[in-house]
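Me: Could you take a close look at how one pair of helices packs in this structure, and then place that pair in its surroundings? I would like a careful, connected account.

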Amino acid sequence: MNVRIILASRSEIRQRLLTNANVPHVARPANVDEVSIRDALLAEQAPARDIADALAEAKARKLSAKFPSVLVIGCDQVLAHHTRLLSKPATPDEALEQLMALRGDTHHLYSAVVIYEDGAPQWRHVSRARMTIRDVSDSYLSDYVRRNWDSIRHTVGCYKLEEEGARLFSRVDGDYFTVLGLPLLDVLSFLSSRGELET
C-alpha cells in the first residue's frame, strides 16, 4: 500500500475533512464490536471521554494489525447528557425522543482520536464541545426530524451542525471540528510533527 494514512472510519464527514485539508489517505471501516466495548465500560462506570478514547483505539488497533508501517487514525464520538450516553437513533421516533430530551439543556460531545503505527499507539487526543440546544417547539422538532432523517440517522444527538441542525443551538463552546467528530487541527499538528505533511 502506497498511502501512508488510513482513516479507520466510514464517516463521510471525517473523510471530507481530511480530503479538504489535502491529507492523502484512504478510508477503511474497522469492524469492531462497539456495543460490547461501550457496555463493558459503562458497567465499570467509565467517564464518557474514556469510552470515546477506548472506541477510537479499538478501531485504530484493529486496522493497524492488518496494515503495518501505515498510520491508522481511529476516531469515535460520544454524547453525554448528564449521566446518560446517547447512541445513534434507530428510528425517527427515537431521534425525536432524544432531541426532546436535549432541548433547553446542555450536553457534551467528546471526540477522540487515536493514531496507531505497527500495532502500537503513537498519539491520542480527546476534545470536548459543550452544546446548548434552544427550547424549540415540539412541532419544529417533529418537522426537523421528518425533513432531515436520512441525514441525521447516523449521528449521535440526531443533528448536524453543518446543516439545518445549526438552528437548534443557542450556544456552542468548543472546536467546530470536534462537533463534526474529528479534532482536525490537533490531528494536522501531529501529522505535521511526524513529517507526514509539508509545513
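Reply: A crossing is called right-handed if the near helix is turned clockwise from the far one by less than a right angle, and left-handed if it is turned anticlockwise. In this predicted model, H2 passes H3 in a crossing that is right-handed in that sense. Two packed helices are described by the angle between their axes and the distance between the axes. For helix H2 (residues 34-43) and helix H3 (residues 48-66), the axes come within 10 Å and cross at roughly 145°.

On the H2 side the contact is made by Glu34, Ile37, Arg38, Leu41 and Leu42, which meet Asp50, Ile51, Ala54, Leu55, Ala58 and Lys59 in H3. Sorted by class, this contact of H2 with H3 holds 7 nonpolar and 4 charged residues, with no polar ones.

Both helices also take part in the largest pocket, which has about 1100 Å³ of space and a lining of 38 residues, with Ser11, Arg14, Lys88, His154 and Thr155 lying nearest its centre. H2 and H3 are among the elements that give two or more residues to this lining, together with helix H1 (12-20), strand S3 (71-81), helix H5 (138-152) and helix H6 (176-180). By class, the lining of the largest pocket divides into 15 nonpolar, 9 polar and 14 charged residues.

Turning to the aromatic rings, the model has 4 aromatic pairs. One of them joins Tyr159 and Phe169 edge-to-face, at 4.8 Å centre to centre and with 80° between the planes. This pair links distant parts of the chain, since Tyr159 sits in the loop between H5 and strand S7 (169-173) while Phe169 belongs to strand S7, 10 residues apart.

How values were computed:
Residues are numbered from 1 along each chain as its sequence is written. This is a predicted model: local features need pLDDT of at least 70, side-chain atom pairs count only at pLDDT 80 or more; totals for chains, interfaces and linings use all residues. Side-chain values use heavy atoms; hydrogens and water are left out. Axes are lines fitted to C-alpha atoms, for helices over the stretch in contact, and angles run from 0 to 180 degrees between N-to-C directions. Helices (H or I, at least four residues) and strands (E, at least two) are DSSP runs, numbered from the N terminus. Contact means heavy atoms within 4.5 Å. Ala, Val, Leu, Ile, Met, Phe, Trp, Tyr, Cys and Pro count as nonpolar, Asp, Glu, Lys and Arg as charged, and the others, Gly among them, as polar. On a 1 Å grid over the protein atoms alone, a cavity is a set of points where a 1.4 Å probe fits but cannot get out, and a pocket is an open set with protein on both sides within 12 Å along at least five of seven lines; lining residues have an atom within 4 Å of a point. Grid points are joined across faces, edges and corners, and a volume is the space filled by probe spheres set on the points. Rings of Phe, Tyr and Trp (its six-membered ring) pair if their centres lie within 6.5 Å; planes under 30 degrees apart count as stacked, over 60 as edge-to-face and the rest as tilted.
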